[in-house]
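This report describes selected features of one protein chain, taking an annotated region, helix packing, backbone geometry and the ligand surroundings in turn.

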Amino acid sequence: MMWSLWRCSSMTGSSAFTNVRVFKCFRQFVKNYNISARMPEAIAFQGVSDHSGLHKFSVNESETFWGALASQRLSWISPFNTVQNCNFSQGKIKWFEGGKLNVSVNCLDRHVHTCPERVALIWERDEPGTEVKFTYRELLELTCRLGNLLKRLGVRRGDCVTLYMPSCPLAVASMLACARIGAVHNVVFAGFSAEALADRIRDTQSSTVITVNQGVRGGKVIDLKRTVDQAVQNCPSVQQVLVAMRTENSVAMTDRDVPLEEEMMKEDVVCEPVTMDSEDVLFLLYTSGSTGKPKGLVHTQAGYLLYAAVTHRYVFSYQDGDVFGCMADIGWITGHSYGVYGPLCNGGTTVLFESTPVYPDPGRYWETVQRLGISQFYGAPTAIRLLLKYGDEWVQKYDRSCLKTLGSVGEPINREAWEWYHRVVGGGRCPVIDTWWQTETGGICIAPRPSDPDAEIIPGMAMRPFYGIKPALLDAKGEVLHAHDSTGALCISMAWPGMARTIHNDHQRFIETYFQPYPGYFFTGDGAYCSKEGYYQIVGRLDDVINVSGHRLGTAELEDVVDNSVKAWKGVEVQEDVLAQQLREMVSRNIAKYASPDYIQVVGRLPKTRSGKIMRRVLRKVVERKTDDLGDLSTLDDSEAVHEVIRGHQKSM
Ligand code: WT7
């Protein structure tokens, strides 16, 4: 059988590969840099510290670099004939054209061939101590059954399937089943409202939705199927809803609904993988822009998978036997790239976390680390900030000696949180890796690693561009800032394999948003500072950067000061005007006089997205008194927070 040819090719390259040119260049590369042929492994595992040399090569000889990695790290059905074919002005991004592969084979079959009983997934369920493990063999069987079921229900290559499920093995198997049969998945975070879900289903024209009867999170039961029922009322494209049973509670089923487990068990455990082109669509993932309706970013097969796998291995120094603990839900890009595709492509063991950082108590993360033996813990600053308030005992209660690396993602990590993470959680032993990237970039673009394990990491800085990433900072006139020690719009000058290919149904918006603001560059929407040494620090969304008397001011910087000063007020009743005055002084003192805010409003909570980002554009509208035009609120976590801000603002005027 053809598939028995697939083998774990993380080191050796697949036998099917015959792209001689790439290998010739690769040998030259190895010669030039005088390091072993296991070059990419050496970066992380043999203490080779020449990050800057490797980085230079990866951007100067990008085709050689990515060509060699693609041929080594992925298993191809037939080899690609061009490494890249990209043109930013047209928004054209194509990698590894001519190549044919199947993503689920890369994530499953080749590992089943070499190490079938290795644990692929650890499902860390809401109730501590009830985790369930799935080996590669079991996950492949699950995926095949689901693939066969989807085919039986009429899902065809290119069709889009929407998933509305919490992080769980069936969700991962559903994603991989889509990949196996050539369908496109669209995971919608299972905390979104029925309206947000319906918007996304309509935009994708999905005929099939996969969900669970109920979700369980933080000890609470959430009726996910009911939300789907509401959503699909307004989605004429939907013909069937597959319902898995996460809890034992029965749920009302209609003619449209299909009991997932029951039907799946009727299917065979073998499902022939479809041969896909490198640039066929793998998935859509929606993210809200600063204006308008959410954007369905499109990621394709080979480039995305390669980039997720390579960044996973090197940014986190992931080695065989490690347990990778990404806390993000699969509904976000972090869950896609570092909960599912990166680790599985690397034959790793990945944790699917179903619970919250404070359930049943604020020790949950560290108790999980101890119980599962997590080696790389990847979390968000918002959770770290929350936990540090509960004190060190919750961490120290548990043995964290298994931890090697601590990752951070999603927003700038302020100094206090960074230091607590490093000192208390990691016991001063584990590097804190602040990773900057976006749904659009597919994988990590700026992070302190890969590099010499002893290389310097400055708290609060994302530090170094990953291989193949060439950042540029541009000023307001669109001029490149050549000197270091400057702040500007963070752009990326050349294409990399993991970047999004388009916005679903709106290529024009893709071009306008990312390629027109700074012609010749991909514009990230973020502002960044580059130090004298060439290290990067993200200062926040540019739409959040305030320009005061010609000085650029990042909200991240401001908040760092305010975060730290607010501590002084804990538990003390103060008058708002006294507090405001003190905060102004703190900001003047810690940043500059010009940075001192004119208007301060005290609120109990801020409007945040479900991923913990403050929705500043909403705050701006409130201050501009444009509350009838708040824009897209579908990612808002708690709508009451907005009303509270509006009421407070009206009172103060
Ligand atoms: C935006 C992307 C990428 C996974 C999670 C979020 C902000 C992300 C960092 C970081 C400072 C960060 C940026 C970026 N961001 N990581 N390490 N330091 N800011 O994905 O929802 O697409 O958001 O998150 O502003 O543009 P996303």
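## Annotated region and local geometry

An unreviewed UniProt entry carries the annotation "domain: Acetyl-coenzyme A synthetase N-terminal" for residues 54-107. The model discussed here is predicted. Within residues 54-107, helix accounts for 44% of the chain and strand for 4%. The C-alpha atoms at the two ends of residues 54-107 are 27 Å apart.

Phe96 has a positive phi of about 60°, although it is not a glycine. Phe96 is placed in the loop between helix H4 (62-73) and strand E1 (100-101). As background, most residues other than glycine have a negative phi, and most peptide bonds are trans.

Two peptide bonds that precede proline deserve mention in this context. The bond from Tyr359 to Pro360 is cis, with omega near -5°. Pro360 belongs to the loop between strand E15 (349-353) and helix H13 (364-372). The bond from Arg449 to Pro450 is also cis, with omega near 10°. Pro450 sits in the loop between strand E19 (446-447) and strand E20 (464-465).

## Helix packing

Two packed helices are described by the angle between their axes and the distance between the axes. The table gives these values for three pairs.

| Helix pair | Axes come within | Crossing angle |
|---|---|---|
| H5 (residues 103-114) and H6 | 8 Å | roughly 135° |
| H6 (residues 136-152) and H7 (residues 169-181) | 8 Å | roughly 60° |
| H20 (residues 616-623) and H21 (residues 639-652) | 10 Å | roughly 25° |

With a crossing angle of roughly 25°, H20 is roughly parallel to H21. The crossing of H20 and H21 is right-handed. In this contact, Val618, Leu619, Val622 and Val623 of H20 meet Val642, Val645, Ile646 and His649 of H21. By class, the contact of H20 with H21 comprises seven nonpolar residues, one polar residue and no charged residues.

Helix H6 takes part in the other two pairs, with H7 and with H5. The angle between H6 and H7 is roughly 60°, and these helices are therefore oblique to each other. Their crossing is right-handed. On the H6 side the contact includes Leu139, Leu142, Thr143, Leu146, Gly147, Leu150 and Lys151. H7 contributes Pro169, Ala173, Ser174, Leu176, Ala177, Arg180 and Ile181. Nine nonpolar, three polar and two charged residues make up the contact of H6 with H7.

H5 and H6 are likewise oblique to each other, whereas their crossing is left-handed. Ser104, Leu108, Asp109, His111 and Val112 of H5 meet Tyr136, Arg137, Leu139, Leu140 and Thr143 of H6. The contact of H5 with H6 divides into five nonpolar, three polar and two charged residues. Leu139 and Thr143 of H6 appear both in the contact with H7 and in the contact with H5.

## Surroundings of the ligand

Which residues come nearest to the ligand? Of the 20 residues around the ligand, these are Pro412, Trp436, Gln438, Thr439 and Ile538. Helix H12 (333-345), strand E18 (432-435), strand E24 (522-530) and strand E25 (536-541) are the elements that give two or more residues to the shell. Among these elements, E24 gives the most, with three residues. By class, the shell around the ligand holds seven nonpolar, nine polar and four charged residues.

Key
Residues numbered from 1 in each chain as written. Predicted model: local features only at pLDDT ≥ 70, side-chain atom pairs only at ≥ 80, totals over all residues. Near = placed C-beta within 6 Å. Nonpolar A, V, L, I, M, F, W, Y, C, P; charged D, E, K, R; others polar. Axes fitted to C-alpha atoms, helices over the stretch in contact; angles between N-to-C directions. Parallel < 35°, antiparallel > 145°, perpendicular 65-115°, else oblique. Left-handed = near helix turned anticlockwise from the far one by under 90°. Contact = placed C-beta atoms within 7 Å. UniProt positions renumbered as here; feature names shortened; annotations may be inferred.
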